[in-house]
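Me: I would like a careful look at one part of this protein, explained slowly enough for a first-year student. Please start from a single residue and then lead me on from there.

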Amino acid sequence: MLDFKLAQPQQEAQQDADSGPDNQVYDLIIIGGGPAGLTAAIYAGRARVKTLLLTGSLPGGQTANTDIVENYPGFPAGIEGPELAQKFQEQAGRFGAQIVVDNVTEVNFSTRPFTVLTHGTAYQAQTVIVAAGAEPRRLGVPGEEKFFGRGVSACATCDGFFYRDKRVVVVGGGDSAITEAIFLTRFASEVIVIHRRDELRATKINREHALANPKIRFVWDSVVEEILGEQTVNSVRVRNVKTGGTSVIETDGVFLYVGMKPVTELFAGQLELNEQGYIVSDQRQRTNMPGVFVAGDVQDPLYRQVVIAAGSGAVAAIEAERFLEQHSQP
Ligand code: NAP
């Protein structure tokens, strides 16, 4: 901790803000730059709350890695995920939030002002909104780590282009697996969806589109046991969970969509987490630590929708503003 320098809030970000006597302390730090964090920044900025948003390494969060978002209101024809993420950022910036692309490495919520550390900088704030999101779960099978980035991916939007006229495997049966399988048919000659049951978890509209797509083939009741290859992936070994039989399916790439896990390691011991690792909050997005709020997928095992993340970000920002009002020095 001694190596860190205390950050000075930027003048342009706070020019309209009434931030109290200590100009080294932000009113609000938002951890995470997905739809939840960016919406919180829009609300906080408009409320003239001196706000710092630390985005993590991917501004826009999962939305920035999504091909098309068809169910965010206001875009009747759908909108590309990266474009929606960009619009969120522009709007947050317009209302004065200071946006920094950096990863948080440590937090200290034991005393207020709270401290948030990134690589090399310590920031302080009277309130914090944790909107750190969720990350793709891994399968935990041999070959997965070895070939990650060399044939194994969790981002079709990033890597699908490399599989033009090739065969790829998608693992999973949820909305992510199915929407990304459909996306991959733009490039790949064949997309094989390997699902551990004989029924998809994905919503009806996505199921219908995938089942009607001639480039998509399904391998039901099956799990990937190993990812095989030399320099890059060339096949997967699959086990049928009903018969126990195994087979090898040739493929040039493996896309993993087996669900998400909340990014909460940083907060363990400081905030209450449930048994699945999600941050526990009340309806007002308050955590067990007064002054620390939470929004988006980091607290949502159920819905994980852009619109819901954005809504919870708005609630968290309104609550943070109220907290600041109630706790400001006379
Ligand atoms: P998800 O709904 O949790 O689905 C994960 C899938 O992976 C399930 O089919 C699950 O199988 C399978 N799976 C989990 N662990 C596995 C393992 N170890 N081996 C093999 N398969 C495994 O996750 P998601 O698809 O990422 O979706 C997350 C949320 O985002 C959902 O609420 C979803 O509706 C939402 N979303 C929505 C859209 C949209 O277009 N509206 C797009 C993307 C995501 P089981 O089915 O057998 O459990």
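What is the relative accessible area of Arg304?

Reply: The relative accessible area of Arg304 is 32%, and because of this value the residue counts as partly exposed, a class that lies between buried (under 20%) and exposed (over 50%), as judged with a 1.4 Å probe and with protein chains only. Before going further, please keep in mind that this is a predicted model, in which local features need a pLDDT of at least 70 and side-chain atom pairs count only at pLDDT 80 or more, while totals for chains, interfaces and linings use all residues. Residues are numbered from 1 along each chain as its sequence is written, and side-chain values rest on heavy atoms, with hydrogens and water left out.

Arg304 sits in the loop between strand S20 (292–294) and helix H7 (306–327), where helices (H or I, at least four residues) and strands (E, at least two) are DSSP runs numbered from the N terminus. The backbone of Arg304 has a phi near 50 degrees, a positive value in a residue other than glycine. Asp221 also has a positive phi, near 50 degrees, and is found in the loop between strand S14 (216–219) and strand S15 (222–229). Asp221, however, is buried, because its relative accessible area is 13%.

From here we can turn to the ligand. A backbone N or O atom of Tyr303 lies 3.2 Å from an oxygen atom of the ligand, which fits the definition of a polar contact, a pair of N or O atoms within 3.5 Å; within protein, one atom must be able to donate a hydrogen and the other to accept it, and residues adjacent in sequence count only if both atoms are side-chain atoms. Side chains take part as well: an N or O atom in the side chain of Ser176 is 2.7 Å from an oxygen atom of the ligand, and a polar side-chain atom of Arg197 also lies 2.7 Å from a ligand oxygen. The protein covers 78% of the 910 Å² of accessible area that the ligand has on its own, with areas taken from the Shrake-Rupley method and a 1.4 Å probe; for residues, only the protein chains shown count as cover.

In total, 20 residues surround the ligand, and the closest are Asp175, Ser176, Arg196, Arg197 and Arg201; a residue is near the ligand if one of its heavy atoms lies within 4 Å of it. By type, this shell divides into 4 nonpolar, 10 polar and 6 charged residues, where Ala, Val, Leu, Ile, Met, Phe, Trp, Tyr, Cys and Pro are nonpolar, Asp, Glu, Lys and Arg are charged, and the others, Gly among them, are polar. Helix H5 (residues 175–184) gives the largest share of the shell, 3 residues. Domain 1 (10–135 + 260–326) and domain 2 (138–256) each supply at least three residues to the shell, with domain bounds from an automatic or database assignment.

Beyond the ligand, the structure holds 1 disulfide, meaning a pair of cysteine sulfur atoms within 2.5 Å. Cys155 and Cys158 form this link, with their sulfur atoms 2.0 Å apart. Cys155 counts as buried because its relative accessibility is 9%, whereas Cys158, at 39%, is partly exposed.
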